[in-house]
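Me: Please take me through the charged pairs in this protein, starting with one of them and looking at it closely. After that, I'd like to see how the surroundings fit around it.

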Amino acid sequence: MIDLSIIIVNYNVKEFLLNLLDSIKKASVNLSIEIIIVDNASDDGSVELVKEKFPEVDFIVNKKNIGFGAANNLALAKARGKYFLLINPDTIVKEDTLYKMLIFFENNPQAGIAGCKVLNPDGSLQLACRRGFPGPWTSFTKVMGLSKLFPKSKLFARYNLTYLDENQTYEVDAISGAFMMMRREVYEKIGGFDTQFFMYGEDLDLCYRAQSAGFKVYYVHSTEIIHYKGESTKRSNIDETKYFYDAMHMFVRKHLATSFFVESMLRLAIIFRKFFAFLNIYKLPIASMCFDLILFTTSVYISEKIYKPGHWTGFPHYVIPWIYFVPSLFQVIISGLTGTYNKTSLSVLKTVLSLFYGLVILSSLTFFFKQFAFSRAVILITYGIVFILFSSWRIIFKVIFKVGLISETRKINTLIVGAGEKSIKLAQKLKSNLSKLYNIVGLVSLSRKEIGETHGSYKVIGALENIKKIISDKKIDLVIFSSEQLTFNQMFGVVSECQGLTVDFLVAGKEIDYLVGKSSVLMLDDIPLLRIEYNISSFLHRFIKSLFDFVFSFFILLFVYPFIYLFCLITKRRSNFTNFVLQVPLVILRKKSLVGPKENSYHNGLYVGLPGLTGLWFTELVDSNDSEELKKLDVFYAKNYNIWLDLEILGRTFSKMILGRRD
């Protein structure tokens, strides 16, 4: 008989699935296994790609998404193993995971179902890997957030069992369906998943039925997997919150004593959680609307007090306070309709345009509603104040607090773990990537012997043994593992050791054309340069850039240039800052821009902007003789240009010039 049947339900996560299959291959040495993948109507090429890379895998292909439980049932009916492992595709297992779990079952004949320690990508414990059943009280504490407020309380933290030591093995009510191993006898006695649970809750239900049939459920701490969690749902239109609470409600109704109060509470929980999720997603536009409402209302009040002609006595009492609020609401609606409020950015230009539309429409309406046409002068004063206030708070938030500013101009300090040929190719791909700026700090070898050696143009700066110190000392933002050179045990060890550090961990795909990690897939291949039209080519962007260059340069020419010129004339001393100021006339003459490429305005016929007095070539760590790196920075700037990017680069330039540092 086969030792283990591994069952995976896939839905549009081919990159994660390939990494999982790689890790299973390494973990199943000396074991007799079969792998059954049930594909729930993926349209990302999962089936074709996996069949090509792993022809030994047995596939069941569904024409529609039938849900997690129903898909698993198809594979369970076909499985031939002594033990079954149900595992999510967005996971990675250690080399010892399968072996240790099988040994646990052999040594604990009373165990019917068991799950191992499940880690988040940052090394922290994923709470769902050991749970209590959601009875009325447990559901109440979970829904009301008491379990988060009192994580060490046995009374309040019964759902996620956070009061228990994660480094101990013990019996629990339920484990996560992300990694669930069971004896064949469990399936033969109780059957598979209850398909009433489309998503979530089916693992709780299976564990409950197994215990009712006399089997025990265990959490095993001695081995672990990494689970990227939620990847399939990200690629669908499934409402996770609703399904989660519906599943909890169904479980209580099916297995436990329930009441009108419990059912009502769980239904309200869905509404509240959806509401708070909505607030979290739309917090920026909601906050912007609130700011604008308050500022516009205040502006109307101030305008009324400012405007004091002989015949004006202010708004009549019968329209107060509505006269202050209604125009504010009217303007916010116009701003919303013109696309001013965005989930990720604060647009000053759209704000100015919406105020212009509001002024025209509001002024026009006074001709039709004479009873409310109290004073057009107040309208003009109001919009004059609002124009300053609306623009000012957005500029302040973008420039100072970096809120609503879509910019990824800072280089990501990157460490590649692995020192072979594939690691060098990976570094080269990262360096040429146009979506983000990567600063390859160096390579980390598997042993100390290679420290100091150079592979390609990249130096080995450390070994796995001291990687935590390297991450701290070099201020590393991103660690990328080369899965060809490292064991998954070694990757897990690094992730666990570096838990708590502000660093992301990614795993390079076998073909080095994608990275997996932090619940995301990053593709490394870009579209050819000549087939892309970048922001810098837009007429509107070029007009705004030219206007900003002229206004800013004119200000420097009047108030800064004369003093710097005299200073250099007298002292005969020059610096980066004085050189910057002395070149400002070239910006007025349109021979240069304040921010732009270092030398060339074109790369292979692609316009990247006028040469700049500063640019990413100045603010970033870059070898001035590395023409390819300079070209990459120029193209990145052209692709991502906006006025806020220029302001950010100028700020970092002056910080570096005057204070001698990079922000």
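Reply: Happy to! In this predicted model, a good place to start is lysine 78, which has a relative accessible area of 39% and is therefore partly exposed, since that value lies between the 20% and 50% cut-offs. Its partner is aspartate 58: the two form a salt bridge, and their closest N and O atoms are 3.0 Å apart. The pair links distant parts of the chain, as lysine 78 sits in helix H3 (residues 68–78) and aspartate 58 in strand E3 (residues 58–62), 20 residues apart. Aspartate 58 is partly exposed as well, because its relative accessibility is 28%.

Strand E3 also leads us to a neighbouring piece of the fold. It is among the elements that cover the buried residues of helix H2, together with strand E1 (2–10), helix H1 (14–27) and strand E2 (33–40). The residues being covered are Ser46, Val47 and Val50, which are buried in H2 (residues 46–53). Looking down the axis of H2, you would find these buried residues within an arc of 90°, so they line one face of the helix. Glu48 and Glu52 are exposed, on the face of H2 turned away from that buried side. The general reason behind such a pattern is that an α-helix has 3.6 residues a turn, so residues three or four places apart point the same way.

Now back to the charges. The structure holds 17 salt bridges, and the pair we began with is one of them. As background, side chains of opposite charge can pair when their charged atoms come close. Another example joins aspartate 96 to lysine 100, with 3.2 Å between the closest N and O atoms. Here aspartate 96 counts as buried because its relative accessible area is 17%, under the 20% cut-off. Lysine 100, with 34% relative accessibility, is partly exposed.

A third pair is arginine 448 with glutamate 465, whose side chains meet in a salt bridge at 2.8 Å, N to O. Both partners are in loops: arginine 448 between strand E11 (438–445) and strand E12 (454–455), glutamate 465 between strand E13 (458–463) and helix H17 (467–473), so the bridge ties together parts that are 17 residues apart in sequence. Arginine 448 is partly exposed at 47% relative accessibility. Glutamate 465 is exposed, because its relative accessible area of 55% is over the 50% cut-off. Salt bridges can also join up in this structure, as Glu620, Glu648 and Arg652 do in a network.

Aspartate 634 offers a contrast. This residue is found in helix H24 (residues 627–640). It is buried and has no salt bridge; lysine 598, which bears the nearest side chain of opposite charge, is 9.5 Å away. That distance does not qualify because a salt bridge needs a side-chain nitrogen of Lys or Arg within 4 Å of a carboxyl oxygen of Asp or Glu. If we leave aside neighbours within four places in sequence, aspartate 634 is in contact with Pro597, Lys598, His603, Val608 and Trp617.

One more helix is worth a look for its buried side. Helix H13 (residues 322–337) has 16 residues and reaches 22 Å from first C-alpha to last, close to the 22 Å expected at 1.5 Å a residue. Its buried residues are Ile323, Tyr324, Pro327, Ser328, Gln331, Val332, Ile334 and Ser335. They cover an arc of only 160° around the axis, which puts them on the same side of H13. Trp322, Val326 and Leu337 are exposed on the other side of this helix. Within the buried set, isoleucine 323 has a relative accessibility of 15%. Not counting residues up to four places away in sequence, isoleucine 323 touches Val300, Phe315 and Phe374. The C-alpha atoms of isoleucine 323 and valine 300 are 8.4 Å apart, though 23 residues separate the two in sequence. After H13 comes glycine 339, which has a positive phi, near 80°.

Finally, here is the setting for all of this. The protein chain has 25 helices and 21 strands. Of its 663 residues, 51% count as buried. Among contacts in the chain with a separation of 6 or more, 73% are between residues 24 or more positions apart.

Technical notes: Residues numbered from 1 in each chain as written. Predicted model: local features only at pLDDT ≥ 70, side-chain atom pairs only at ≥ 80, totals over all residues. Heavy atoms only, no water. Helix = DSSP H or I, 4+ residues; strand = E, 2+ residues; numbered from the N terminus. Buried < 20%, exposed > 50% of the residue type's maximum accessible area, 1.4 Å probe, protein only. Lys, Arg positive; Asp, Glu negative; His and termini not counted. Contact = heavy atoms within 4.5 Å. Expected span 1.5 Å × (residues − 1). Arc of directions from axis to C-beta.
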